[in-house]
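Here is a two-chain question round for anyone who likes to know where a structural label comes from. Take a look at the model, then follow the reasoning step by step.

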Amino acid sequence: MRMRCIVEGGRIKGETLCTSTPIAFLRGVDPVKGVVSDPKHELYDVSFAGKILVFPNSVGSSVGAYVIYRLKKNRKAPKAIINQSADIITCSGCAISGIPLYDLPANQISELKSGQIVQLSGSGAPELTILDE
Amino acid sequence: MYLSNAEERALSGEKGTALQLAYRVLVAIGRISDAEKLIPIKWAHVSGVSHLTIGDYGLDFLKKISRSKGAKFRVFTTVNPCGMDVRNWDELKIPTDYAEKQLQINDCYERLGMANSFTCVPFQSYKVPSPGSHIAWAESSAAVYANSILGLMTNRESAVSALASALTGKTVYSDLHITKNRRPQKNIRVSLGNRKRIFGGSLDYGILGYFAGNNVPGVIGFQGLRSAVEIEEAKALSAAIGIIGSSGMFVLRSREKAETLDFSENEYQETFSQLSDAEKGDLIVFGCPQMTIEELYELSRSLQGKKLRKKCVVFCSSKIYDLATSRGYVRPIEASGAIFVRDACADFTPIISSMGASAVETDSCKGAHYMKRVHNVKIALRTTKEIIGANAG
């Protein structure tokens, strides 16, 4: 799948963690544990540290960008993020934290499921390849 | 997105960490908004100042930026109110650990070269550039006012994007920076002809703005408003539009042929009851957004020689406070029993909670929306005149 690059990263291989529900970083994510802290969220209390986190977009306060930065400092950040349409919160948070960020159209992002091993090629024209279901 | 050679070099880290991170932010935002280039700005206004909003997360990042080599604001930069009055936080019973962190945040912005006032109405205190100038303002109420009343061009920036603009002197050329995107996408027809009281004043305009921001995501066109709208009314309208939704601009007298929503007595009452859930309060709050010099003049006249029977807090910038002092507006207000809190934000300060109020009386729709959520109080929305009439003598 051809992705749009928002924040560059090198070649990355990792396991996906997917949700179709938007994430609120401020007050919806625990930056110490590296989990979604909203009990109503599909990914509640599931660690996303070191994963390739896939979600449609973020919601809530733009201060959420600083929560992403804190996740990175605490070594609890995702290895990379894939959005359906990246917004200013995720994109500024990833930019200041050095977390690679890409987006994919709706019909393609829905092909991704949690637990897949995927490879992201580096910058330029980044591609996502599913290596293992 | 096109970058000049100098911008490419800064992005590669040649000019230091702060500038590199700032360009990374602008490039990433440029990509999501399909912008063709970056453009120079004349003014950056940065939000994310109170420790109640950015917390330790933001403080960490600001420390890193402000201490990195060569980091400074490259364009005139104002910053939002902080969480307390730095001249008398002690008297106001601000917890010491909070105050220490707030002072550290302020220190970061001062190192980078902010203008010397913490304010959400920056257009009140500094010379406004000519219409058509590009700026990058966070603080939604100020950004909406700048686009709609001052004819300046800005998107609704976030704390991080405005900081990136302050550090680089540039912003992403997209959305409201482009003239063709500044036409109303939906109209709101104000038809309140049959009311007992004529539509006007900060409270009424706030209610209208809250309704408009909630219903129109893009540029809002108003129809049916009287020809002259006062500064205070425009300020309240802009602030309320900025609370929810994503609209960054309104046009006061729209001639655009577009889908039209009616704002009549029903809509007014419905919106009012979303915000106001008490008859009266035990604390009065004025100054969300912070008071203008004209508002302080009016307040001083209406409180002249009177005593307030309730606690009352008035929020304004230290710059406007000093001006008001020299003009004699401050003394009658303080003599009535009201307390000034300078350079702070009514919504994001520990003061309201520490005063132990269970309900707040205010004329501000923005204040109503946030104080209810942040300080867990009930809200009695009333006009300034009603508040003073009921509580001072």
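Q: What is the handedness of the crossing in which α8(B) passes α9(B)?
A: In this predicted model, α8(B) passes α9(B) in a right-handed crossing. The label applies because the near helix is turned clockwise from the far one by less than a right angle.

Q: Why are α8(B) and α9(B) called roughly parallel to each other?
A: Start with the angle: the axes of α8 (residues 202-215) and α9 (residues 231-243) of chain B cross at roughly 30 degrees and come within 7 Å. Angles under 35 degrees count as roughly parallel, and therefore α8(B) and α9(B) are roughly parallel to each other.

Q: Which residues in α8(B) and α9(B) meet?
A: From α8(B), the residues include B:Y205, B:L208, B:G209 and B:A212. Among those they meet in α9(B) are B:A236, B:L237, B:A240 and B:I241. By class, the contact of α8(B) with α9(B) has ten nonpolar, six polar and two charged residues.

Q: What makes α2(B) oblique to α7(B)?
A: The axes of α2(B) and α7(B) cross at roughly 125 degrees and come within 9 Å. Roughly perpendicular covers 65 to 115 degrees, roughly antiparallel starts over 145, and the rest, apart from angles under 35, is oblique. That makes α2(B) oblique to α7(B). The crossing of this pair, α2(B) and α7(B), is left-handed.

Q: How many residues of the contact of α2(B) with α7(B) are nonpolar, polar or charged?
A: There are ten nonpolar, two polar and no charged residues in the contact of α2(B) with α7(B). Among them are B:L19, B:L26 and B:I29 of α2(B), together with B:V160, B:A164 and B:L167 of α7(B).

Q: Where does the largest share of the side of chain B that touches chain A come from?
A: It comes from α2(B), with seven residues. The whole contact takes 18 residues from chain B and 20 residues from chain A. Besides α2 (17-32), both α3 and α7 (159-168) of chain B supply at least two residues each to that side of chain B. By class, the side of chain B that touches chain A has ten nonpolar, five polar and three charged residues.

Q: Why do β12 and β14 of chain B stand at the edges?
A: The five strands of this open sheet in chain B come in the order β12-β11-β10-β13-β14, and the pairing is parallel. β12 (339-342) and β14 (378-381) of chain B each have a single partner strand, so one side of each is left without a neighbour in the sheet. Neighbouring strands of this sheet are turned by 25 degrees against each other on average, direction ignored.

Q: How do you know that β11 and β12(B) pair?
A: Two strands pair if there are at least two bridges between them. Strand β11 (residues 311-316) of chain B and β12(B) have four bridges, in the parallel sense, so by that cut-off they pair. Within this pair, B:V314 stands opposite B:F340.

Q: What makes the pairing of β8 and β9 of chain A count, and in which sense do the two strands run?
A: Three bridges join β8 (residues 80-83) to β9 (residues 101-103) of chain A, and the two run parallel. The cut-off is at least two bridges, so the strands pair. Here A:I82 stands opposite A:Y102.

Q: What is the order of the seven strands in the open sheet of chain A, and which strands stand at the edges?
A: The order is β1-β9-β8-β6-β2-β10-β11, with mixed pairing. β1 (4-7) and β11 (128-132) of chain A stand at the edges, because each has a single partner strand. The twist averages 30 degrees from one strand to the next. Helix α2 (residues 88-97) of chain A lies across β1, β8 and β9 of chain A, at about 60 degrees to β1(A).

Q: What is notable about the peptide bond from B:C288 to B:P289?
A: The bond is cis, with omega near -10 degrees, and B:P289 lies in the loop between β10 and α11 (293-303) of chain B. Most peptide bonds are trans.

How values were computed: Residues are numbered from 1 along each chain as its sequence is written. Chains are lettered from A and ligands numbered from 1 in the order in which they are written. This is a predicted model: local features need pLDDT of at least 70, side-chain atom pairs count only at pLDDT 80 or more; totals for chains, interfaces and linings use all residues. Axes are lines fitted to C-alpha atoms, for helices over the stretch in contact, and angles run from 0 to 180 degrees between N-to-C directions. Two residues are in contact if their C-beta atoms, placed from the backbone, lie within 7 Å. Ala, Val, Leu, Ile, Met, Phe, Trp, Tyr, Cys and Pro count as nonpolar, Asp, Glu, Lys and Arg as charged, and the others, Gly among them, as polar.
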